[in-house]
Protein chains: 2
Amino acid sequence: MGLTVYDLAGAQDDCRFSPYCWRVRLALAHKGLEAEFLPWRFTEKERLVFSGQDRVPVLVDGETVVSDSWAIMTYLDEAYPERPLFDTAQARAEATFLKYWAEMVLQPALAPLVLNDIYRAIHEKDRNYFRTSREKAFGCRLEDLPGDATARLKTVRQVLAPLRRTLGGQPFLGGAAPSGADFLPYGAFQWVAVVSGTTFLEPDDPITAWRQRVAGWYGDALDVR
Amino acid sequence: MGLTVYDLAGAQDDCRFSPYCWRVRLALAHKGLEAEFLPWRFTEKERLVFSGQDRVPVLVDGETVVSDSWAIMTYLDEAYPERPLFDTAQARAEATFLKYWAEMVLQPALAPLVLNDIYRAIHEKDRNYFRTSREKAFGCRLEDLPGDATARLKTVRQVLAPLRRTLGGQPFLGGAAPSGADFLPYGAFQWVAVVSGTTFLEPDDPITAWRQRVAGWYGDALDVR
């Protein structure tokens, strides 16, 4: 029985922009596991009832159902230990900091660059949900997100400083080859790349080169099909 | 032949406040290695000529001289592989991000809380050097560092968010036991603790509990003697 992932989609089936779903897509590619990525929209909560919660990603592996990107990564290393995402408990524990940095620092800094693009990219039936939930989270209308384009770019570039310095000195966050550590912030960059034309990295930024290295490493396995 | 560390000191020999030197003290304690920590002041550059550079920490191990806290940690894992600071290349590579986060995000946020305390704590002969170098780095007089006490505390608490969340879910940054990953930000907290009365963590902050766990783990081995 194959693996199935419920994967956030925009109006177009091939628009897969969730940073958390990207972690799972990368983790599966890393392990060389094939999966079917079912497009799912924000308001299709009833389709996830079987998982006991209402968010994606959800992984279905035979009788096993796992939700939450981090829990899915952990599950995959347990169920499919070859080509580990994290090669020791220490490597996994350290990556927790990267996870929270990506979620609490990087993604909030990128959000003002990308939320309106997401609003335009998502299915019409999702727009009310998206606007209401995001405006509540940010405390303002999508049209009134803080900063102008210049200020937002400045914030993002500043926030990226430790990532840039790290990747200026080593090919991947986990060393010589990509690993689960890389996928945590990589998902955030895909979030922007998939829905937005915004270019916020200089071509000579070490982060740009890292993104190309990760994409090149997995090649077709990351294609949305 | 024993190990020797050149260790930044204030006017008092037992005032050891360098975040980088603390990494080395912790790393040696972790490995159960005894060392002599020689007090060294900022302006005693001539005492370091043998090391080919002019900053501490410097580790002397027989014929081997290593400067830079990260290089010393790497050296210690190579020369004394038991009780590793990082148990795999992946764990070490991931910790590079923590290193740069501590240096480029955490320490700059803590600096306005602590620089004037350091100025008061250091030897009189170091004060001119310290004032000149720090005022150049921060672009203002020590007395004019940005923000008032409330704003600085707010910045620090915000910056600490991903560390707090991580340590709310696991005992140490490297998992169930302390490791090299913990020592990178821990040094920054020692920097403040040694010279300053500033309390910037709530008693119920998971970071407070983590600091106590690290200190408790090594006990006397961290004492300045």
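A:Arg157 and A:Glu202 form a salt bridge, with their closest N and O atoms 3.4 Å apart. This pair ties together distant parts of the chain: A:Arg157 sits in helix 5 (residues 149-159) of chain A, while A:Glu202 lies in the loop between helix 7 (180-195) and helix 8 (206-218) of chain A, 45 residues apart. A:Arg157 comes out as partly exposed, because its relative accessible area is 31%. A:Glu202 also counts as partly exposed, at 38% relative accessibility. The model is a predicted one, and everything here is computed from it. Over all chains, the structure holds 28 salt bridges.

Some of the charged pairs join up. A:Arg131, A:Glu135, A:Arg141 and A:Glu143 are linked in a network of salt bridges. Within it, the side chains of A:Glu135 and A:Arg131 meet at 2.6 Å, N to O. These two are four residues apart in helix 4 (residues 127-138) of chain A, so about one helical turn separates them. Both A:Glu135 and A:Arg131 are buried. Another link in the network is the salt bridge between A:Glu143 and A:Arg141, at 3.5 Å, N to O. Here the setting is partly exposed: A:Glu143 has 42% relative accessibility, and A:Arg141 has 45%. As for the general background, side chains of opposite charge can pair when their charged atoms come close.

Turning to the sheet, chain A has an open one of four strands in the order 2-1-3-4, with mixed pairing. Strand 2 (35-40) and strand 4 (64-67) of chain A are the edge strands, each pairing on one side only. From one strand to the next, the twist averages 20°. Strand 1 (residues 3-8) and strand 3 (residues 58-61) of chain A run antiparallel and are joined by four bridges. In this part of the sheet, A:Thr4 stands opposite A:Val60 in strand 3 of chain A. Two helices pack on the sheet. Helix 1 (residues 19-31) of chain A touches strand 1 and strand 2 of chain A, and its direction makes about 150° with that of strand 1 of chain A. Helix 2 (residues 69-79) of chain A touches strand 3 and strand 4 of chain A, with its direction at about 135° to that of strand 4 of chain A.

Next comes the nonpolar packing. The largest nonpolar core has 142 residues, and the ones with the most contacts inside it are A:Leu160 and B:Leu160. Helix 3 (residues 89-121) of chain A gives the most to this core, supplying 14 residues. If its neighbours within four places in sequence are set aside, B:Leu160 is in contact with B:Trp101, B:Leu106, B:Phe189, B:Phe200, B:Leu201 and B:Ile207.

Finally, the two chains can be compared. A turn of 180° and a shift of 0.0 Å along the axis lay chain B on chain A with an RMSD of 0.0 Å. The two copies are therefore related as by a two-fold rotation axis. In chain B, B:Ala91 has the C-alpha nearest the axis, 2.1 Å from it. The same surface serves both copies, in that 100% of the contact residues of chain B recur in chain A.

Technical notes: Residues are numbered from 1 along each chain as its sequence is written. Chains are lettered from A and ligands numbered from 1 in the order in which they are written. This is a predicted model: local features need pLDDT of at least 70, side-chain atom pairs count only at pLDDT 80 or more; totals for chains, interfaces and linings use all residues. Side-chain values use heavy atoms; hydrogens and water are left out. A salt bridge is a side-chain nitrogen of Lys or Arg within 4 Å of a carboxyl oxygen of Asp or Glu. Buried means under 20% relative accessible area, exposed over 50%, partly exposed in between (1.4 Å probe, protein chains only). Copies are superposed by least squares on the C-alpha atoms of residues with pLDDT of at least 70 in both. Contact means heavy atoms within 4.5 Å. Two strands pair if DSSP finds at least two bridges between them. Axes are lines fitted to C-alpha atoms, for helices over the stretch in contact, and angles run from 0 to 180 degrees between N-to-C directions. A nonpolar core is a set of buried Ala, Val, Leu, Ile, Met, Phe, Trp, Tyr and Cys residues joined through side-chain atoms within 4.5 Å.
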